[in-house]
Amino acid sequence: MSTRYPASETLTRGERRALNLYLVSGLLLFILLMSFGLTMRLAQSAWIAITPNHFYQIMTAHGAGMVGTVGLASSAVMWFFLRKYVRLSLPVFVANYACFMLGAALLLGATFVGRFGGAWTFLYPLPVHSMGVWSAGAAAVFMVGYLIMGLGFLLFYLDAMRAIVRVYGNLGRALGLQWLFGGTIDPRHPATVVASTMVIIVNSLGILGGAVVLVMSLVNAYASEFVLDALFAKNLTYFFGHVFVNSSIYMAVIGVYELLPRYTGRPWSMSRPFLWAWAANTVLVLIVYPHHLLMDFAMPRWAMIIGQIASYGEGLPVFAATAYLVLTNVHHSGLRWRMPIVLIVLAIFGWSAGIVPAIIDGTISVNRVMHNTLWVPGHFHFYLLLGVLPMLLAFMYHLIGGRADEPISRGDELGLTAYLVGGLTFVGMFLAGGHASEPRRYAVHFAEWRPYDQAASIGAVLVIAAMLLFAARIARGLLRAPAGPR
Amino acid sequence: MMTIQDEVGVLTLAGIAGVALVFLYVIHGATRQADAARVEARAGAIQKWFFLGLLVLGAGVTAATLAPFPIPDQRAPVGTRHVVDVVGHQWGWRLPPGPIEAGVPVEFRVTSADVNHGFGLYDSSGRLLAQTQAMPGVTNRLVYTFARPGRYRVLCLEYCGLVHYGMSAEIVVSAAGDARP
């Protein structure tokens, strides 16, 4: 069996502090933002009363916060494993955290003090067209908050790019492009380096795309004669949003590649199909975003066709290769169930199952009746709540685990059950609502939609209870003992 | 009769159930140990067919769903006598009061006076029939043929601010022949 806690992952005191900052902040933010989500579902259930104004502020903070927090926590996974292979800068890692927190403070200030409710997608020209609900200043603070967050991530990626190029010569070699068509693959070429390189390439471009539309929107906020093309702005916004969220999944999945053999006892080595999968996905992630604009009929037909085909194609390489890798690695491995491996299997299930409604919705003829219904939050909550979050929790449980190889505690068993049952109920009710044609982002729901909302609220309570259990145990473990090898 | 939503629901349930069964099978046998090389060899043999199957399925669905292209050509004339200009604004719809006839294609020319909206066409049972985006500076042409006369509803399907949830309108569709001037 491979060493579960290799010496190469030892953390210095400073590194441990920085990592704990990322992870504990991430856990606290996840719980806070989940409670925002629960508040919205309770309001739609008519079990609590909040004004539409407050509803949309909460919705904006929930969306922007969750997208950012998943990015923050998954970048900690990437940093932890990538620093074994290349020399990353700790100050840059800390700077990313500082930028994130400053940006988050501005986002929260803009929403709850400035009453900004323009959604996490800040779709032009809504930020500057609120009908007097919020000011241009509040919108500007929100967008500056995003820019500062983006700056932090960009610094992190540039540092990782510099470090990777120093060791591997260029990004192509780090991706393993030299072995796509032949040659003897170095079996020790790290999957972490391949995945990190892909993320660095696509998310740097994604963040730059987001920065362009943010800066243009900022100029428009103070110089209304500077008018943007709404369709172009929407293209940039969804390019940024899609790439950023996908990159978070790909950063988190690094933990799966690294930890899987340590818990199944079955090492796996680099292969040509794996390299092809990541190379193909580097392109597909960048071109798939038009599937968010399938109902914008003014888009060129070729872009829509690419949107549908790339939606199918994006599912294939990395996701299918990873799911297959995990299943075959776990099958008849003789493993002993421990929290990290349970969470990894749950994560890959959530990712795999969540992709089913997502891919179906990527079909133009289906999108005509599913786009912007609750079907959409149904599928993205499926693979984020039951896919990416368990990947992150698996990493954290691994960090606090000891060499004693403790079995799963009763508390964790209870937490897992609540998380799975609550999570499936929660996302299932979104999908059921989408099937019933419920539009998304409605502060007030018709009476006939409320049973779905009420069941979803109960599911959300279970998920939050489980997260509280997990977070308490992880935070205690992280703060009490050094993370990583002991 | 099954609606598209029903078909999508059944497909999704079947897909998720299939994924769950595979995972349950693997989880069930995870604690038993078998020779890794044998498992890998078997998995490798299945993998080729699995990926080939996914590829063929993807190609087949793509061909079946893209021809004919499900969105009307935005430049070519539709050639219908029913043209309806729709303007979304915060927070309502401007629709001409003119009659619409069942069984005749209706061309909705949809745009927005301010921010992005979504023109969602619902039947009286609350089922979404068709949609397109209403975007400032852009006109999207949606062609839809109402099968039956009755009262239809328009809801907003793109978040547009404080009263997004309250942005609705009604369309009355008359029986074929009744609407002719």
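Among contacts in chain B between residues at least 6 apart in sequence, what percentage join residues at least 24 apart? In this predicted model, the share is 64% for chain B.

## Chain B as a whole

Chain B contains two helices and nine strands, and when its elements are read along the sequence, both helices precede the strands, in the pattern α-α-β-β-β-β-β-β-β-β-β. The radius of gyration of chain B is 24 Å, whereas the globule rule gives 16 Å for 181 residues, and chain B is therefore more spread out than a compact globule. Taken along the principal axes, the C-alpha atoms of chain B fill a box of roughly 80 × 35 × 35 Å, and buried residues account for 30% of its 181 residues.

## A four-stranded sheet in chain B

Within chain B there is an open sheet of four strands, arranged in the order β2-β1-β4-β7 with mixed pairing. Its edge strands are β2 (92-94) and β7 of chain B, each of which pairs on one side only. On average, and with direction ignored, neighbouring strands of this sheet are turned by 30° against each other.

As general background, the strands of a sheet pair through backbone hydrogen bonds, in either a parallel or an antiparallel sense. In the sheet of chain B, the pairings, each with one pair of residues that stand opposite each other, are as follows.

| Strands | Sense | Bridges | Opposite residues |
|---|---|---|---|
| β1(B) and β2(B) | antiparallel | three | B:His89 and B:Gly92 |
| β1(B) and β4(B) | parallel | seven | B:Val84 and B:Phe108 |
| β4(B) and β7(B) | antiparallel | six | B:Arg109 and B:Arg141 |

The link between β1(B) and β2(B) is a hairpin that passes through two residues. At the other edge, β7(B) pairs with β4(B), which spans residues 105-112, and this pairing sets two arginines opposite each other, B:Arg109 and B:Arg141, the latter in β7(B).

## Where chain B touches chain A

In the contact between the chains, 65 residues of chain B meet 62 residues of chain A. On the side of chain B that touches chain A, the elements giving two or more residues are α1 (4-28), α2 (36-66), β5 (117-122), β6 (128-134) and β7 (140-145) of chain B. The largest share of that side comes from α1(B), with 14 residues. Sorted by class, the side of chain B that touches chain A has 35 nonpolar, 24 polar and six charged residues. Strand β7(B) thus appears in two settings, as an edge strand of the open sheet and as one of the elements that give residues to the contact with chain A.

## The nonpolar core and buried residues of chain A

The largest nonpolar core has 216 residues, and those with the most contacts inside it are A:Val77, A:Phe142, A:Ile344 and A:Leu392. When neighbours within four places in sequence are left aside, A:Ile344 is in contact with A:Val256, A:Leu259, A:Leu260, A:Val326 and A:Ala394.

Another residue to follow in the structure is A:Phe30, which is found in helix α1 (residues 13-44) of chain A. A:Phe30 counts as buried because 23 C-beta neighbours are found inside 10 Å, and the cut-off for a buried residue is 20 or more. Not counting residues up to four places away in sequence, A:Phe30 touches A:Thr69 and A:Met467. By contrast with these contacts, the C-alpha atoms of A:Phe30 and A:Ala211, which are 181 residues apart along the chain, are separated by 25 Å.

## Backbone details in the loops

Two cis peptide bonds may be examined, one in each chain. In chain A, the bond from A:Tyr124 to A:Pro125 is cis, with omega near 5°, and A:Pro125 has its place in the loop between α3 (90-113) and α4 (136-168). In chain B, a cis peptide bond with omega about -5° joins B:Ala67 and B:Pro68, and B:Pro68 lies in the loop between α2 and β1 (82-89) of that chain.

Positive phi values in residues other than glycine are also found in chain A. A:Asn372, with phi of about 60°, is in the loop between α11 (364-370) and α12 (375-400) of chain A, and this residue counts as buried because 23 C-beta neighbours lie inside 10 Å. A:Ser437, with phi near 70°, is in the loop between α13 (410-435) and α14 (450-480) of chain A, and A:Ser437 likewise counts as buried, with 24 C-beta neighbours inside 10 Å.

Terms used. Residues numbered from 1 in each chain as written. Chains lettered and ligands numbered in written order. Predicted model: local features only at pLDDT ≥ 70, side-chain atom pairs only at ≥ 80, totals over all residues. Core = buried A, V, L, I, M, F, W, Y, C linked by C-beta atoms within 7 Å. Buried ≥ 20, exposed ≤ 12 C-beta atoms within 10 Å, placed from the backbone. Contact = placed C-beta atoms within 7 Å. Nonpolar A, V, L, I, M, F, W, Y, C, P; charged D, E, K, R; others polar. Pairing = 2+ DSSP bridges. Axes fitted to C-alpha atoms, helices over the stretch in contact; angles between N-to-C directions. Rg over C-alpha atoms; globule rule 2.2 N^0.38 Å.
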